[in-house]
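Subject: Structure handover

Hello,

Here is the structure I promised to pass on. My notes on it follow below the display.

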Amino acid sequence: MNSVSITLDEQALVELQEVLIDESPAAALEFVKRHIAPKVPRKGTAPCDSSRLNPFILPDKQGGTRPR
């Protein structure tokens with residue numbers, strides 16, 4: 001099973017508390033769209049997940065890997 005850790009800054013935590021207190025479905029969806037969804041990594045092109053956001057192991061335009 002895949003898992004993702006997401007860090008929220010102080011402002012996002014305050015907004016989360018507001019959403020939990022208000023129990024507003026619209027506010028909860030907006031919170032997820034603004035703070036959670038952008039932080040979920042997209043699926044990589046390589047068999048291993050480390051290729052998602054690591055520019056050093058993604059292939060360059062000439063077919064090799066980028067230098068470290």
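Let me start with one residue. Ala-28 counts as partly exposed, because its relative accessibility is 26%, and the cut-offs are under 20% for buried and over 50% for exposed. Ala-28 sits in helix α2, which covers residues 25-36. Its C-alpha lies 9.4 Å from that of Glu-15, with the two positions 13 residues apart in sequence numbering. Keep Glu-15 in mind; it comes back below.

Please note that this is a predicted model.

**The chain as a whole**

The chain has two helices and zero strands. Of its 68 residues, 9% are buried. Among contacts with a separation of 6 or more, 21% are between residues 24 or more positions apart. The accessible surface is about 6,000 Å². Carbon and sulfur atoms account for 57% of that surface.

**Helix α1**

Helix α1 runs over residues 10-22. Its length checks out. At 1.5 Å a residue, its 13 residues should span 18 Å, and the end C-alpha atoms are indeed 18 Å apart.

Which residues of α1 are buried? They are Ala-12, Glu-15 and Val-19. These residues cover an arc of only 60° around the axis, so they sit on the same side of α1. The spacing fits the usual pattern: an α-helix has 3.6 residues a turn, so residues three or four places apart point the same way. What does the buried side pack against? The buried residues of α1 pack against α2. On the other side of α1, the exposed residues are Glu-10, Leu-20 and Ile-21.

**The loop after α1**

Glu-23 comes just after α1. Glu-23 belongs to the loop between α1 and α2. Its phi is near 55°, which is a positive value in a residue other than glycine. Is Glu-23 buried or exposed? With a relative accessibility of 67%, Glu-23 counts as exposed.

**Glu-15**

Glu-15 is placed in helix α1. Glu-15 is buried, because its relative accessible area is 16% and the cut-off is under 20%. Setting aside neighbours within four places in sequence, Glu-15 is in contact with Phe-31, Arg-34 and His-35. Two of these contacts involve polar pairs. The side chain of Glu-15 makes a polar contact of 2.6 Å with the side chain of Arg-34. The side chain of His-35 makes another with that of Glu-15, at 3.3 Å.

**Salt bridges**

In general, side chains of opposite charge can pair when their charged atoms come close. How many salt bridges are there here? The count is two.

One is between Arg-34 and Glu-15, with the closest N and O atoms 2.6 Å apart. Arg-34 lies in helix α2 and Glu-15 in helix α1, so this pair ties together parts that are 19 residues apart in sequence. Glu-15 is buried, at 16%, whereas Arg-34 is partly exposed, at 41% relative accessibility.

The other joins the side chains of Glu-30 and Arg-34, at 3.3 Å from N to O. This one stays inside α2: Glu-30 and Arg-34 are four residues apart in that helix, so about one helical turn separates them. Glu-30 is partly exposed, with a relative accessible area of 40%. Through shared partners, the salt bridges join Glu-15, Glu-30 and Arg-34 into one network.

**His-35**

His-35 is also worth a look. His-35 lies in helix α2. His-35 is buried, with a relative accessible area of 14%. Its side chain makes a polar contact of 3.4 Å with the side chain of Arg-34. As noted, the side chain of His-35 also makes a polar contact with that of Glu-15. Not counting residues up to four places away in sequence, His-35 touches Leu-8, Ala-12 and Glu-15. Of these, Ala-12 and Glu-15 are among the buried residues of α1.

**Where to look when you open it**

Start at Glu-15. Buried in α1, Glu-15 forms a salt bridge with Arg-34 and a polar contact with His-35. Then follow Arg-34 along α2 to its salt bridge with Glu-30. Finish in the loop at Glu-23, with its positive phi.

Best wishes

Notes: Residues are numbered from 1 along each chain as its sequence is written. This is a predicted model: local features need pLDDT of at least 70, side-chain atom pairs count only at pLDDT 80 or more; totals for chains, interfaces and linings use all residues. Side-chain values use heavy atoms; hydrogens and water are left out. Buried means under 20% relative accessible area, exposed over 50%, partly exposed in between (1.4 Å probe, protein chains only). A polar contact is a pair of N or O atoms within 3.5 Å; within protein, one must be able to donate a hydrogen and the other to accept it, and residues adjacent in sequence count only if both atoms are side-chain atoms. Contact means heavy atoms within 4.5 Å. A salt bridge is a side-chain nitrogen of Lys or Arg within 4 Å of a carboxyl oxygen of Asp or Glu. The expected span of a helix is 1.5 Å times one less than its number of residues. The arc is that of the directions from the helix axis to the C-beta atoms. Accessible areas come from the Shrake-Rupley method with a 1.4 Å probe; for residues, only the protein chains shown count as cover.
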